[in-house]
Amino acid sequence: MRKLPRVMLGLMAGASLVGAACAEDAPDPNRLPPSQEPGRTANGLALTPPMGWNSWNKFACKVNEQVIRETADSLVASGMKDAGYQYVVIDDCWQGARDKDGFITADASRFPSGIKALADYVHSKGLKFGIYSDAGRLTCGKRPGSQGHEYQDAATYARWGVDYLKYDWCSTGTRNAEEAYALMADALRATGRPIVFSMCEWGQNKAWLWAEKIGNLWRTTGDITDKWDGTVTYSNGMMRIVDQNEPLWPYAGPGHWNDPDMLEVGNGGMTTEEYRTHFSLWSTMAAPLIAGNDVARMTPEIRAILTNREVIAVDQDALGRQGHRVAKDGDGEVWMKPLAGGGRALLLLNRGDTPRTIRADWAMLDLPPALKLSARDVWAHRDLGQKASSYAVSVAPHAVSMVVLRP
Ligand code: GAL
């Protein structure tokens, strides 16, 4: 008998003997669901948080092939591709009907050339291509979902050249989330094509507790809205999302990330300073950096935020640890992200409406007070020299100071 892991033997002890006489090659009834297999990892992809662009935040259902082609061109022309943005993801509303054999088709009025041609175009620019579906019967935009068509859809995506799937959670009825996501993960895996799996159940089923072996990123919150704070119907302002995502830092790591939703940088609802804060917090939280703006029409200020390589390097740091809040004094907060090689990314955040001086002591950063560290301001692109025991600076309202400290 094959040596079984202890967890499986435990299960078998309580299992009935029905089916014990099945042929050798029959499926093992005691096999654990894929998401619980010891040693399973999602798929070996996304060892650093995925970077790319998604159509939803700016274009919602008004997406079409022209938008996708133009965005792919602009990602290259703007330098965003060179800065690391890789995946071009069409969100909801690309789908038409299923054909007579159940295969999904594209909405011909928006995507007359078909999805394969579009994926080829995106690939021709040296970028990767992503698509969206849903674990229920219908997507949130009321297009056909993948429920009951998981393997068929995964095979279709692989034939089209899809590299990334965002998988939503509308119209799922009584489905169990872990089971539904594991089914699609298995279907993607069965294609043999490496496909990043982005899970979007908005934190309703606490995906961080079980999704590490299933997908590469999971949404931790409802939808983001392009505002500094607060809630608008079901959507959350940026700082509210931050507060929901922050405590989940222990669950993130290489290949499996907390996803506080896509970036609103450049969509017009926040100030440039607030967008800098938004981008800094996402990078400190090792969040996926999925831009959501009109890349073809962005201002130089927005481009400078999205392509700040020193901030991106914090997000993409190989250690893969999610940074978090280590001290709070009213509206002043100190955040820390450990970096490979013993360094620290330090974020001093002023949530308030007046300037304030914020101070980080080395003790807050798990560092001995006497330790001398070289400090670099990654927004000013300026070396600040050697610092010991603490670093303090005046921070403007709704702004950050972001510093990389290295031994
Ligand atoms: C929501 C999801 C959004 C977007 C939208 C499409 O459920 O959170 O990011 O994908 O559906 O309908």
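This is a short walk through one protein chain, from its overall dimensions down to a few single residues.

What you have in front of you is a predicted model, so please take everything I say as computed from that model.

I'll start with the whole chain. The protein chain contains 11 helices and 20 strands. Its radius of gyration is 23 Å, and the globule rule gives 22 Å for 407 residues, so the chain is as compact as a globular protein of that length. If you lay the C-alpha trace along its principal axes, the spans are about 70 × 55 × 40 Å.

Next, burial and surface. Of the 407 residues, 54% count as buried. The accessible surface comes to about 17200 Å², and carbon and sulfur atoms account for 52% of that. On the charge side, there are 45 positive and 47 negative side chains. The centres of those two sets lie 3 Å apart.

How far along the sequence do the contacts reach? Taking contacts between residues at least 6 apart in sequence, 68% join residues at least 24 apart.

Now the domains. The chain is divided into domain 1, residues 51-315, and domain 2, residues 323-406. Their centres, taken over C-alpha atoms, are separated by 30 Å. The two domains do touch: 23 residues of domain 1 are in contact with 20 residues of domain 2.

I'll move to one helix, α6, which covers residues 150-160. Is this helix mostly covered or mostly open? Mostly covered, with 8 of its 11 residues buried. The buried residues are Glu150, Gln152, Asp153, Ala154, Thr156, Tyr157, Ala158 and Trp160. Note that Glu150 and Asp153 are both on that list.

As background, an α-helix has 3.6 residues a turn, so residues three or four places apart point the same way.

What do the buried residues of α6 pack against? The partners include three strands with lower numbers, β3 (95-98), β4 (104-106) and β5 (128-134). They also include strand β6 (164-168) and the helices α5 (115-124) and α7 (177-191). Just after α6 comes Gly161, with a positive phi of about 95 degrees.

One of those partners, α7, holds the next residue, Leu188. Leu188 has a relative accessible area of 3%, and because the cut-off for buried is under 20%, it counts as buried. Setting aside neighbours within four places in sequence, Leu188 is in contact with Ala154, Leu165, Arg193, Ile195 and Phe197. Ala154 you have met already, as one of the buried residues of α6. For scale, Leu188 and Met80 are 108 residues apart in sequence and 28 Å apart in space, C-alpha to C-alpha.

Then some residues in loops, beginning with Asp107. Asp107 sits in the loop between β4 and α5. Is Asp107 buried or exposed? It is buried, with a relative accessible area of 14%. Not counting residues up to four places away in sequence, Asp107 touches Cys93, Trp94, Gln95, Gly96 and Arg143.

Lys142 is in the loop between β5 and α6. Lys142 is exposed, at a relative accessible area of 61%. Its phi is positive, about 65 degrees, although Lys142 is not a glycine. Trp202 is another such case, with a positive phi of about 60 degrees and again not a glycine. Trp202 lies in the loop between β7 (196-200) and β8 (217-219).

Met262 is in the loop between β11 (257-259) and α9 (272-284). Despite its place in a loop, Met262 is buried, with a relative accessible area of 6%. Beyond its neighbours within four places in sequence, Met262 is in contact with Asn54, Trp56, Asn57, Asp91, Lys166, Ile224 and Ile290. Met262 and Trp53 are 209 residues apart in sequence, yet 8.4 Å apart in space, C-alpha to C-alpha.

My last residue is Gly330, in the loop between β13 (324-329) and β14 (332-338). Gly330 is partly exposed, with a relative accessible area of 48%; the cut-off for exposed is over 50%, so Gly330 does not reach it. Gly330 and Gly342 are 12 residues apart in sequence, and 29 Å apart in space, C-alpha to C-alpha.

To set the two pairs side by side: Met262 and Trp53, 209 residues apart, at 8.4 Å, and Gly330 and Gly342, 12 residues apart, at 29 Å. That is where I'll stop.

Definitions and conventions: Residues numbered from 1 in each chain as written. Predicted model: local features only at pLDDT ≥ 70, side-chain atom pairs only at ≥ 80, totals over all residues. Heavy atoms only, no water. Helix = DSSP H or I, 4+ residues; strand = E, 2+ residues; numbered from the N terminus. Buried < 20%, exposed > 50% of the residue type's maximum accessible area, 1.4 Å probe, protein only. Rg over C-alpha atoms; globule rule 2.2 N^0.38 Å. Contact = heavy atoms within 4.5 Å. Areas by Shrake-Rupley, 256 points an atom, 1.4 Å probe, with all protein chains shown as cover. Lys, Arg positive; Asp, Glu negative; His and termini not counted. Charge placed at Lys NZ, Arg CZ, Asp CG, Glu CD. Domains from an automatic or database assignment.
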